[in-house]
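Student: I would like to learn how to read a model of a protein, going from the overall fold down to single side chains. Could we work through one together?

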Amino acid sequence: MKVEMHGAVRDIRAAWFEDGELKLIDQRRLPHSLEIVSTTDWRLATTLIRDMAVRGAPAIGIVAAYAMALAARSGADIAEAAAFVKGARPTAYDLFYAVDSMVAAISAGEDPAAAADAYAETIIGKCSQIGRFGAPLIKDGMKVMTHCNAGALATGDWGTALAPMRVAKNEGRRFFVYVSETRPRLQGMQLTAWELLQEGIDHAIIPDGASARYLADGVGLVITGADRIAANGDFANKIGTFDKAVLARHFGVPFYVAAPISTFDFNAPDGRAIPIEHRAEEEVLCMAGMRLAPEGSHALNPSFDVTPGDLVTGFITEKGVFAPHDLDKMQS
Ligand code: MRU
């Protein structure tokens, strides 16, 4: 992704390895400042995932791969490191997929840093294919809706839900994106809007509660990412995704999910097997560090919801677009 840093335009990724160090954009600081965090400590890398300096399923996987490379380099016990890194967050399947891929590579005697770089390149390549397969869904003049952030910050370069938008824009089509703010952590307002601005894609931030209003009024396509997709097409994504899928079905708007194979958990038969992260109630009760709720009130803060697969028109993957009942064909 191209960003302006210290007065010059640079092409950077959400996370990368340089001179033996993991570097990543601290997404907690965006859009106000672009800060790069560096570490050689695999435990700290895990904490950066847990504290959401980096977030979004494929980006979590990439940083987990680098955390494993750092662990191998430091001589840590690989099984112990794998268990620790996997404990960072429970829902994004990419975390588990990446750690298992790295354990296999390290056990096979591969150079850990090279294996982590290869992992990142593979995922980024898959996201580019998602862009290629998804772009034809975006027609000239269309209004598109997305939720949370499934862009370059959440992956490597292209994004998942935003990849088709990047390609459609490069192909010269004009379209408009409704970005739901994504309470309580505001990934839509702070991250997706920032990315679309860098890309010159027309958009507006809407309150999460305004989705029905706009889906009833000319939205032609909804695209979201996913954190974990079960074998039957049920999928976990940022809280509020389920609402949009139900509304999209009500208004007859096609609803697509964009994700690489690393997000598909074929061992989970359906959505009931997906573990859902519940985060601190302060995220809901407070805004910008100030408690707005009355003292004595409590909040519930499920970070993800599970949308039934039958509400999904298609899954946009690196292998093409699949209907929910055709997901088994993806594995061939
Ligand atoms: O809690 P987050 O910000 O990690 O949640 C991210 C999402 O829900 C994204 O939509 C999902 O990971 C897809 S990212 C390409």
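Student: What radius of gyration would a compact globule with 332 residues have, and what does the protein chain have?

Tutor: Bear in mind that this is a predicted model. The idea is to set the value for the chain against the value expected for a globule of that length. For 332 residues a compact globule would come out near 20 Å, and the protein chain has 19 Å, so the two agree. The C-alpha atoms fill a box of roughly 55 × 55 × 45 Å along the principal axes.

Student: How many helices and strands does the protein chain have?

Tutor: The protein chain has ten helices and 18 strands.

Student: What share of the residues is buried?

Tutor: Buried means under 20% relative accessible area. By that cut-off, 55% of the 332 residues in the protein chain are buried. The surface that remains exposed is about 13400 Å², and 52% of it comes from carbon and sulfur atoms.

Student: How are the contacts spread along the sequence?

Tutor: Take the contacts between residues at least 6 apart in sequence; 73% of these join residues at least 24 apart.

Student: Into which domains is the chain divided, and how far apart are their centres?

Tutor: Domain 1 covers 2-126 and domain 2 covers 133-331. Their C-alpha centres lie 22 Å apart. Across the boundary, 33 residues of domain 1 are in contact with 35 residues of domain 2.

Student: Is E277 buried or exposed, and where in the chain is it placed?

Tutor: E277 lies in the loop between β13 (264-265) and α10 (282-285). Its relative accessible area is 8%, so E277 counts as buried.

Student: Which residues is E277 in contact with, beyond its neighbours in sequence?

Tutor: Leaving out neighbours within four places, the contacts of E277 are R89, P90, T91, N301, P302, S303 and F304. Take P90 as a case of sequence distance against spatial distance: E277 and P90 are 187 residues apart in sequence, yet their C-alpha atoms are 6.0 Å apart.

Student: Which residues share a network of salt bridges with E277?

Tutor: The network links E277 with R89, R185, R279 and E283. In the whole structure, a search finds 22 salt bridges.

Student: How should I read one salt bridge, for instance that of D157 and R13?

Tutor: Look at the distance, then at the places of the two partners, then at their exposure. The side chains of D157 and R13 meet at 3.2 Å, N to O. This pair links distant parts of the chain, with the two positions 144 residues apart: D157 is in the loop between β6 (143-146) and α6 (163-170), and R13 is in the loop between β2 (8-11) and β3 (15-18). D157 is partly exposed, because its relative accessible area is 21%. R13 is partly exposed as well, at 24%.

Student: Are D11 and K2, which also form a salt bridge, buried or exposed?

Tutor: Residues over 50% relative accessible area are called exposed. D11 has 53% and is therefore exposed. K2, at 52%, also counts as exposed. The salt bridge between D11 and K2 has an N to O distance of 3.3 Å.

Student: What about the pair D26 and R29?

Tutor: The closest N and O atoms of D26 and R29 are 4.0 Å apart. Here the exposure of each partner has to be read separately: D26, at 4% relative accessibility, counts as buried, whereas R29, at 38%, counts as partly exposed.

Student: Which residues make a nonpolar surface patch?

Tutor: M287, M290 and L292 make a patch of about 300 Å². L292 is located in the loop between β15 (290-291) and β16 (304-307). With a relative accessible area of 52%, L292 is exposed.

Student: Where is R73, and what does R73 touch?

Tutor: R73 belongs to helix α2 (residues 57-73). Its relative accessible area is 51%, so R73 is exposed. Not counting residues up to four places away in sequence, R73 touches F17, G20 and A113. For a long separation, consider R73 and I205: these two are 132 residues apart along the chain, and their C-alpha atoms are separated by 43 Å.

Notes. Residues numbered from 1 in each chain as written. Predicted model: local features only at pLDDT ≥ 70, side-chain atom pairs only at ≥ 80, totals over all residues. Heavy atoms only, no water. Patch = residues over 30% accessible without salt bridge, like charges linked within 9 Å, V, L, I, M, F, W, Y side chains within 5 Å. Areas by Shrake-Rupley, 256 points an atom, 1.4 Å probe, with all protein chains shown as cover. Helix = DSSP H or I, 4+ residues; strand = E, 2+ residues; numbered from the N terminus. Buried < 20%, exposed > 50% of the residue type's maximum accessible area, 1.4 Å probe, protein only. Rg over C-alpha atoms; globule rule 2.2 N^0.38 Å. Contact = heavy atoms within 4.5 Å. Domains from an automatic or database assignment.
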